[in-house]
Amino acid sequence: MDIDFNEYKLRCELHGHDDDVRGICVCSDDNIATSSRDRTIRVWSLDPSDKRKYTSSKILLGHTSFVGPLAWIPPTDEYPEGRLVSGSMDTFVFVWNLINGENIQTLKGHQMQVTGVAIDKEDIVSSSVDQTLKRWRNGQLVESWEAHKSPVQAVIKLPSGQLVSGSSDASLKLWKGKTSLQTLSGHTDTVRGLAVMPDLGFLSASHDGSIRLWALSGEVLLEMVGHTSLVYSVDAHSSGLIVSGSEDRHAKIWKDGVCVQSLEHPGCVWDAKFLESGDIVTACSDGVVRVWTVRHDAIADQMEIDAYDSQISQYKLSRKKVGGLKLDELPGLDSLTSPGTSDGQTKVVREGDNGVAYAWNMKEQRWDKIGEVVDGPDGVADRPIYEGVQYDFVFDVDIGDGEPIRKLPYNRSDNPYDAADKWLLKENLPFAYRQQIVEFILQNSGQKDFNFNPSFRDPFTGANAYVPGQASHTAATPAKPLYKHIPKKGVLVFDVAQYDGILKKMTEFNTTLRSDSVNNDKSLTELEVSRVGAIVNILKDTSHYHSTNFADMDIALLLKVLQAWPPAMMFPATDIVRMLVLHPHGASLLIKHVENNNDLLLDLIKKVTEDSALPANLLTTVRVLVNLFKNSSFHYWLQTHHSQILDAFSNCYSSPNKNLQLAYSTLLLNYAVLLTEKKDQEGQAQVLSAALQVAEEEAADVDSKFRSLVAIGSLMLEGLVKKIAIDFDVESIAKSAKASKEGKIAEVGADIDLVIRQ
């Protein structure tokens, strides 16, 4: 239908998801499906009592990581409400029966996150970060091909029958079957979203901030620029209107290439889709789905509109900064009741919606008002501050030779040679460091092509400065960017045990089993209990690990407990195994039970992660896995089974048990170290995905979040997934970490930010 453009207004909000809403699928004007970072898909149906609103009619459960792309297969006799196709970070494509919400097909084949799904007649076509497109028919993989040399971020089917793919390599490709017909260039960053433009061609949305309209010939018909950040999605209506969603918190509506309206949101707009009626559905990072309309009879009540406007105002206020500080984090006027400590000391306090600076007057013993503190243009407040002055960069410089790390402030407008000389003088350092400091500045400020001014003279010697590229009398190695916490070298272990408590608990459980007529045969004999004590005594004596040994029966005894004892009683034995794997001979005996067909560790993982998994079992088992990294003989097993292991414990990141959170984050960190060493990109990507979940979890313990951030930074710096991390919006995670009040979180956030800028 054709519609004239009128201003869109809020129609309704759909609440139900617990995290970012990532994808939208319009099944009909009466039924909408949405996907979320909370791992669920919700189907929303028109509310029969109020046609303006939708209610949640089904929740589809099954994915083990966040769900992204969705596609609808229209009804058939067998499936009268149609089917829904979903792709997830867990690498699977699911097909759902919408009549009952059941998963009827699981399509396994992708090695990394599924980023797009499209329906091609009876087939499903999926795209993935693993750089492939795959074609599925009747639940079976029938075709797979490498579509790009970088992650494929989206795929659509055109009415002409061709496929279009968009990639992190900034290109689009047209396909006829597996044959590439054309490669389209023009975007300067990741192509994230694609959509059919009726009767004209197709649209692309890019991280470069633009939307492009392409003819089937490959000609660019329009370029739409207006977003101020990454553009994630785009859609078109038969009327000719276009809608796009962006990191800049706006869904923009375009007509004839011109932005005619911006719909502001309290968070990133991941997706935006048109209903057939012309109404717009948006998916936001605040976990809310919103429907917008131009029809006066469908607009939300004024009270709902006012509440939404208030929500936007509160969101903007919470993000407002004064002097580089968040307004809502500033102290109130009551903080001025405390005296200052020195004359001229300044303090910024919140007065209403503004930040106001005061200075301490030592003579009068009072705070004198200086005036309102304001920030400059967007981004100015994010510049680092050193000794009260904002700079483009404040570098950490490690001189070595036992010297402490020092701060080097620098602006792009500075002459790097002059800056180096002044800094060396200020820090009372020898000018032998001069060449290294200049090259360090050029490297880390992105000014590799700096044009030297030949008229420059050393202010101290009167000579010309060293010019990169010219011969030098002194050889020097350019200083590398300095990171405080990355890359992580070596692995972490849990090597402290309360042996007396472990033995006491095992004895207590064994006594219970003996008195249980049903489980009596599973209990240990007195001799076996004594032998467990002997095992513990060997483990306690760490100074003789090099010369002590275990018997095969010792391992068999522990396996008996792990295999036969009820789940609620097995965790003390698991804890002994945790320490056993740190003993060289104990590890060498244990691995025999891992390399055969009866894999003890996989059986243990399965047992402890079944329904009603107990936190104590999860904790001790994850710690066992963490300690396996210490012994290189387990590295092949850990690498081979990384996907099973990470999937099995994927829910640990949100556990209320902080010890379990920390163990899981340590597992991810050790995997980051191992898989970087093994150059295993697929494994690195899965670890990255899991670590990002921890980093984004608001309730995560500080140490858990820190270790996950170190894993992310290490994978980006020395692994093969930097581009993938950037596509996953790691920049916002780094920015949030840098703003943390926890010092080490802020430091590793700065490390990640520096990796992004390299």
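Biologist: Hi! How much space lies in the largest cavity?
Modeller: About 80 Å³. Keep in mind that this is a predicted model.

Biologist: Thanks! How many cavities of 30 Å³ or more does a search of the whole structure find?
Modeller: Just one cavity of 30 Å³ or more turns up when the whole structure is searched.

Biologist: And which residues line the largest cavity?
Modeller: Its lining is made of Arg22, Arg37, Phe66, Met89, Ser689, Leu692, Gln693, Glu696, Phe728 and Ile733. By class, that lining has five nonpolar, two polar and three charged residues.

Biologist: Which helix gives the most to that lining?
Modeller: That would be helix α15, residues 681-696, which supplies four residues.

Biologist: Okay, new topic: helices α7 and α11. At what angle do they pack?
Modeller: Helix α7 covers residues 571-580 and helix α11 covers residues 615-628. They pack at an angle of about 15°, and their axes are 9 Å apart. Angles under 35 degrees count as roughly parallel, so α7 and α11 are roughly parallel to each other.

Biologist: Is their crossing left-handed or right-handed?
Modeller: The crossing of α7 and α11 is left-handed.

Biologist: Nice. Which residues make the contact?
Modeller: On the α7 side they are Phe571, Thr574, Asp575, Val577 and Arg578. From α11 come Ala616, Asn617, Thr620, Thr621, Arg623, Val624 and Asn627.

Biologist: How do the residues of that contact divide into nonpolar, polar and charged?
Modeller: For α7 with α11, the split is four nonpolar, five polar and three charged.

How values were computed
Residues are numbered from 1 along each chain as its sequence is written. This is a predicted model: local features need pLDDT of at least 70, side-chain atom pairs count only at pLDDT 80 or more; totals for chains, interfaces and linings use all residues. Side-chain values use heavy atoms; hydrogens and water are left out. Axes are lines fitted to C-alpha atoms, for helices over the stretch in contact, and angles run from 0 to 180 degrees between N-to-C directions. Helices (H or I, at least four residues) and strands (E, at least two) are DSSP runs, numbered from the N terminus. Angles under 35 degrees count as roughly parallel, over 145 as roughly antiparallel, 65 to 115 as roughly perpendicular and the rest as oblique. A crossing is left-handed if the near helix is turned anticlockwise from the far one by less than a right angle, and right-handed if clockwise. Contact means heavy atoms within 4.5 Å. Ala, Val, Leu, Ile, Met, Phe, Trp, Tyr, Cys and Pro count as nonpolar, Asp, Glu, Lys and Arg as charged, and the others, Gly among them, as polar. On a 1 Å grid over the protein atoms alone, a cavity is a set of points where a 1.4 Å probe fits but cannot get out, and a pocket is an open set with protein on both sides within 12 Å along at least five of seven lines; lining residues have an atom within 4 Å of a point. Grid points are joined across faces, edges and corners, and a volume is the space filled by probe spheres set on the points.
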